[in-house]
Amino acid sequence: MSEETIDRILIGCGLRQSEVEVYVFLAKHGMLKSRDIARQLKKDKAQVLRVLKNLQSRGIVVPTLETPQRFSAVPFEKVLDAFVKAKREEANLIETAKDELLLHWRNVDREKLEAPADKFTVIEGNHRIYSKVLTMIEETKKQLLAICPIQVLMKADNSGIFDAVAKHPQKTTIQFRFLIESLSQPTGSMKAMLEEVQRCGVILRERNPDLGRTPSPRMVIRDEDEILLFFAPRSDSGMENAFETCLWTNCRDLVKSFTAVFDALWSQSIEFTERTGKIWLGEKPSTYSVFPSEIAQKKYEETLKSAQKEIIMFTSSNGLTEVWKNLKTLEDWTKKRLVLKIMAPITGKNFSVAKQIAEVCPVRHVPEGHMRLTLVDGNHLFRFAQDFTYLVQDPDYINKLKKAIDQTWRNAQPPSSVTIESIINPAIPAPDLSEHEIPHREFLKLAIKFSEFSVGTITERDVISKIINAKRVTAKDPLRDINTAYGSNAIAIIHPPAFLNLPDMMINVWHCDKQSSFGAEDWLTVSLWLNTPQGYRYVPVAHVTDNPDAAEYRKGVYALAPAGQNTQLINKDQFQVRVQGNTLFAGWTVPIKLYQDYVLPPSCILFEGYGRVITGITKTKAASGRTQVQEFNRLEAFVTYFHPTSKYSAPGTDGLFNREIVFTAYPASSE
């Protein structure tokens, strides 16, 4: 069948000749901007744009979210299926010609196309999100993985998600694995729904309550091909509206990374039927002994005194301070040659305490959400609730938990000698880290000098008002123009484990609003610890942005640093920064060249702000002589870095999140 026949059928289905021409061209040549289509077809740009909008409204082409947009053709088979459903009066004609059309379409002489680009897409609205999940289920070939709270699982059931699982033609050969959070107060309706979900063919497991209740982020993964990521606050408040927005990506490196995260959580989870039956009946497992606080404390102290080999503690950020108050006891235990391991969320508030404990015994950071527990000699497990202490006496359960605890310890990070505070606060000198030196040359005039650092001199409302009432001031020349940015910013120091073959680095992420000098923009810089005439400093070695004007501008700003010769302009669908409440997420689907032979692979980084908001102003002077003023509403932040082969969780001292920030850079002549 000739291309003329294809054209005639498409026109018979309601397309105009110009629409057919543009659609077929896109199908052959892949994703293109409207101006590129117009140039190659030698048509008016405005006319082509109207045609693309018409095709988009019919669902025949799909636009990207970037500006200017690019368009791609929906696969021809799906277009035909849509016409069959929409044009019932022509169903016989189309059905008769469908097989022949598809056969010819596959044999059309096409230009060789590149593999589909790895990209991000934002999906907004629960209806669209659940529609996408349904499509993922229908296209699953090997496995579908999901992490979600019970409330979302119930909502998914109402949207037909599990009906789709039950009706999947290959469900007997596919693994549908769902990990739900611990059920503290299960209801009868939850029990009925979860039993029905299991009958549909879903394997349910429960997040082990002893290892934390809130895995973050939540996700849906299909095979090795795509993932939906949801970022909700740690609090369960407002859970019904927590997933109005999510990110989709087909980047296989990122899918691989989050699949590894899922598998690790799955291996540490518990069988759904293992304990829930008795809980639904209002009973506690027979292997638990429950003690009131006073009796429990005596039992706990007796067990600690009789310890022979090892004491492992999970505690809270405040609990770490209580441990520090008994530092003499820790010293006595070490003298008895006991192995001590203490894990807790390390924050700016308890950092000095953690460092003092670390001089006596190892202490490492774990994210918030873990239960408070102590394991003595591998067979006495104490769990601490608000008013009661549980003594767990099930050897099988304790052995399983011990393996998970050992894995958590191996992945946990000790408090670092380099913190965000030591970098951004001039009152704290940067420590000498010459042992971390990598091959380098000295970079002239690179140290940023702080001339002002004040806290509380501006209010939270003042910063927000400046952003709301901002007017754009354009900038072109980095030596002469004032540059302003309004939005959000987060900074993290990452100390990767040796097997990742990455140096210590500082990642600085920005999400700029449209009132900023270069308009809306997502960008980041990566800095490495290098030598300068002022000593070792974090030096910018890579700059990534989705804004071409900003890319050129910052080449001048970073002219004296390696980043000035290493600016990477990427598409909006290859780099996303999302801000939701006290959380900032950044992800990129392309590798980022750093310095020497170091390359940062496609990765994600998650900042979770905590504690009280700090307002303040900093004023610095850059190497070029420019004065930079930052007015901010700041939170300390826990940082999680998702590498394709590992997940890295950093202490709260290693991250900060400027939830609202106004950045103004003045040229040297403006001082």
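Axes are lines fitted to C-alpha atoms, for helices over the stretch in contact, and angles between them run from 0 to 180 degrees between N-to-C directions. With that convention in hand, the helices at the start of this predicted model can be described pair by pair. The axes of H2 and helix H3 (residues 34-41) come within 11 Å of each other and cross at roughly 105 degrees. Angles of 65 to 115 degrees count as roughly perpendicular, and H2 and H3 are therefore roughly perpendicular to each other. On the H2 side the contact involves Glu21, Val22, Phe25 and Leu26, which meet Ile37, Gln40 and Leu41 of H3. Sorted by class, this contact of H2 with H3 has five nonpolar residues, one polar and one charged.

A second partner of H2 is H4. Helix H2 (residues 17-29) and helix H4 (residues 45-57) have axes that come within 10 Å and cross at roughly 80 degrees. That crossing makes H2 roughly perpendicular to H4. Here Ser18, Glu19, Val22, Tyr23 and Leu26 of H2 meet Gln47, Val51, Leu52, Asn54 and Leu55 of H4. The class count for the contact of H2 with H4 is six nonpolar, three polar and one charged. Val22 and Leu26 of H2 appear in the contact with H3 and also in the contact with H4.

H3 itself is worth a second look. Its buried residues are Ser34, Asp36, Ile37, Ala38 and Leu41. The buried residues of H3 pack against H2, strand S1 (32-33), H4 and strand S3 (70-73). Just after the helix, Lys42 takes a positive phi of about 60 degrees.

The strands in this part of the chain form a small story of their own. Three of them make an open sheet in the order S1-S3-S2, with antiparallel pairing. S1 and strand S2 (61-63) are the edge strands, each pairing on one side only. Two bridges join S1 to S3 in the antiparallel sense, and Leu32 has Phe71 of S3 as its bridge partner. H4 lies across S2 and S3, and runs at about 105 degrees to S2.

Further along the chain comes an open sheet of eight strands, with mixed pairing and the order S4-S10-S9-S8-S5-S6-S7-S11. Strand S4 (120-124) and strand S11 (270-271) stand at its edges with a single partner strand each, so one side of each is left without a neighbour in the sheet. Within this sheet, strand S9 (residues 226-230) and strand S10 (residues 245-249) pair in the antiparallel sense over three bridges. Ile227 is bridged to Thr249 in S10. Helix H11 (residues 252-267) packs on the sheet, where it touches S4, strand S5 (143-148), strand S6 (175-180), strand S7 (202-206), strand S8 (218-222), S9 and S10. The direction of H11 makes about 65 degrees with that of S6.

Helix H17 (residues 395-411) offers a neat check on helix geometry. Its 17 residues reach 24 Å from the first C-alpha to the last, close to the 24 Å expected at 1.5 Å a residue. The buried residues in H17 are Tyr397, Ile398, Leu401, Lys402, Ala404, Ile405, Thr408 and Trp409.

Strand S21 (residues 505-512) is mostly covered, with seven of its eight residues buried. S21 runs antiparallel to strand S20 (residues 483-494), and eight bridges join the two. The bridge partner of Ile491 in S21 is Asn508. S21 also pairs with strand S22 (residues 521-532) in the antiparallel sense, over eight bridges. Cys512 has Glu521 in S22 as its bridge partner.

Towards the end of the chain, Thr640 is found in strand S30 (residues 627-643). Buried means under 20% relative accessible area, and Thr640 is buried because its relative accessible area is 8%. Leaving aside residues up to four places away in sequence, Thr640 touches Cys604, Ile605, Leu606, Glu608, Lys647, Tyr648 and Ser649.

Finally, a view of the whole. The protein chain contains 20 helices and 32 strands. Of its 671 residues, 54% are buried. Among contacts in the protein chain with a separation of 6 or more, 70% come from residues 24 or more positions apart.

Technical notes:
Residues are numbered from 1 along each chain as its sequence is written. This is a predicted model: local features need pLDDT of at least 70, side-chain atom pairs count only at pLDDT 80 or more; totals for chains, interfaces and linings use all residues. Side-chain values use heavy atoms; hydrogens and water are left out. Helices (H or I, at least four residues) and strands (E, at least two) are DSSP runs, numbered from the N terminus. The expected span of a helix is 1.5 Å times one less than its number of residues. Buried means under 20% relative accessible area, exposed over 50%, partly exposed in between (1.4 Å probe, protein chains only). Angles under 35 degrees count as roughly parallel, over 145 as roughly antiparallel, 65 to 115 as roughly perpendicular and the rest as oblique. Contact means heavy atoms within 4.5 Å. Ala, Val, Leu, Ile, Met, Phe, Trp, Tyr, Cys and Pro count as nonpolar, Asp, Glu, Lys and Arg as charged, and the others, Gly among them, as polar. Two strands pair if DSSP finds at least two bridges between them.
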